[in-house]
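Colleague: Please take a single strand of this model and describe it closely. I should like to know which strands it pairs with and how its side chains are placed.

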Amino acid sequence: MSEQAPVSVIVLAAGGGTRMRSKTMKVLHPLAGRSLLGHALHAARGVAPDHVVTVIGNQREQVSEHLAQIDPDVVQAVQDQQLGTGHAVAVGLASLGDALAGTVVVVYGDVPLLAPETLEAFLDDHRSHGRTLSVLTARVDDPHGYGRVVRNADGSVSAVVEEKDATDEQRTIDEINSGILAFDAVWGRDALRQVGNDNAQGEYYLTDLISIAVTQSRPVGAYEIDDAVQTEGVNTRVQLARMAAEANRRIVERHMLAGVTVVDPDTTWIDVDVSIGQDTTILPGTQVLGATTIGADAVVGPDSTLTDMEIGDGASVVRTHGSLSVVGAGATTGPFTYLRPGTTVGERGKLGAFVEAKNTRLGVGAKVPHLSYVGDGDIGDGANIGAGTIFANYDGVNKNRTRIGAQARVSSNNTLVAPVDVGDGAFTGAGATIREDVEPGALAVSAGSQRTIEGWVARKRPGTPSAEAAERALSEHDSDDDVQESTS
């Protein structure tokens, strides 16, 4: 691309999107792990452009902040008044200066399924034919409502006719205008000044460039794609859901063709930036979101939601909700496990049933099998944490860490009051509350000797079902004693 004339991409994202009925700007609504605008910018970057301009207007503060997060190098051009697509493109061109040359490509911030490869092929076709203007088109079964592409006998474009202006014959044309254009920058700057707003909406339409180019006998052509959904925009939440489902279908299919088993594609959602290794199995009801990476030979699901996670080769992640955490190779989590940000489960480690972990590192082979909360902890290689254990990490002001040494054994129903260290190979007793450090190899207990007060229920709870049950049991016990005495 660098040896050819410069390429500039203008992304139109200034419209109000009122049909979304939302406080959030339309182009910021998420789909498959990116905003609608993020998808458009991804396609734009796919042609290695010299400049990318996003034209913003409505709710510009929201959009501007989002752009700074996802693509800080993009040029932001403000369309103070939304006077149509032609006006928006003129605003975008003005932001790049009067010396701009080369090719300008126009895409839309609410068209999420346009692929970078498609845009690149469109640009190559435009250049190879030496056109002044090219339009991206597709054929659809029901073209009602779309602008029809009228071609000459040689295949060049003679006009784009809107539905309301089309003749009966033109309405039979099934090739539609996507609105995505490529044109010569120097010519386009001048042509946009000729676009008028003498129409019902009082707007400057970008499609008028086509008739201007044809009138000037400029070479105008169309690049037809066989995947019309790539040209579809989103205007309502109904359309957003439909496009999200289609995007997900394509993403899931891509992973399956690459060697991933997805048992039930209809209940599996995978975001566009997710990476999954060969021979991994995704079970029903699973969502794999954000920038999650999953290694080979892993099993994920059923009923799991993973966001920005790293899952190692051969790991098993069952009924797990996790974010910003790592599950190492051969490790297991679940069922009903909650991995909060900052958690790392080492190789062959385990976070079991009804375990919540936060900002905690488990070493190789370390296990927290069930019914525990481990927050702000470091658990050494091979250590085992008994059922019902709590890492009491918060003192009301600060979060503190608990450190469990290698091969240590923390018994059931322990409370570890941070900051506290349990040394390598140390043990704790059942029900212990550990407030002080435990030396390596030591046993720490905190419960006193058991005290049994006989007859307490009969005295303190007479007439209750408990008292009646105790009386029956004691009577049976006394009868057994009498039988034993008589036979001895």
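**A close look at strand β1**

Modeller: Strand β1 pairs with strand β4, residues 51-56, in the parallel sense, and six bridges join the two. Strands here are DSSP runs of E, at least two residues long, numbered from the N terminus, and two of them pair if DSSP finds at least two bridges between them. The model is a predicted one, in which local features need pLDDT of at least 70, side-chain atom pairs count only at pLDDT 80 or more, and totals for chains, interfaces and linings use all residues. Residues are numbered from 1 along each chain as its sequence is written, and side-chain values use heavy atoms, with hydrogens and water left out.

Within the pairing of β1 with β4, Val9 has Val52 as its bridge partner. β1 also pairs with strand β6, residues 103-108, again in the parallel sense and over six bridges. There, Val9 stands opposite Val105 of β6. Val9 of β1 can thus be followed into both neighbours, to Val52 in β4 and to Val105 in β6.

The side chains come next. β1 spans residues 7-13 and is mostly covered, with seven of its seven residues buried, that is, under 20% relative accessible area with a 1.4 Å probe and protein chains only. Val7, Val9, Val11 and Ala13 point one way from the strand. Ser8, Ile10 and Leu12 point the other way. Residues on either side of β1 are buried, Ser8 and Ala13 among them.

Key
Buried means under 20% relative accessible area, exposed over 50%, partly exposed in between (1.4 Å probe, protein chains only). Helices (H or I, at least four residues) and strands (E, at least two) are DSSP runs, numbered from the N terminus.
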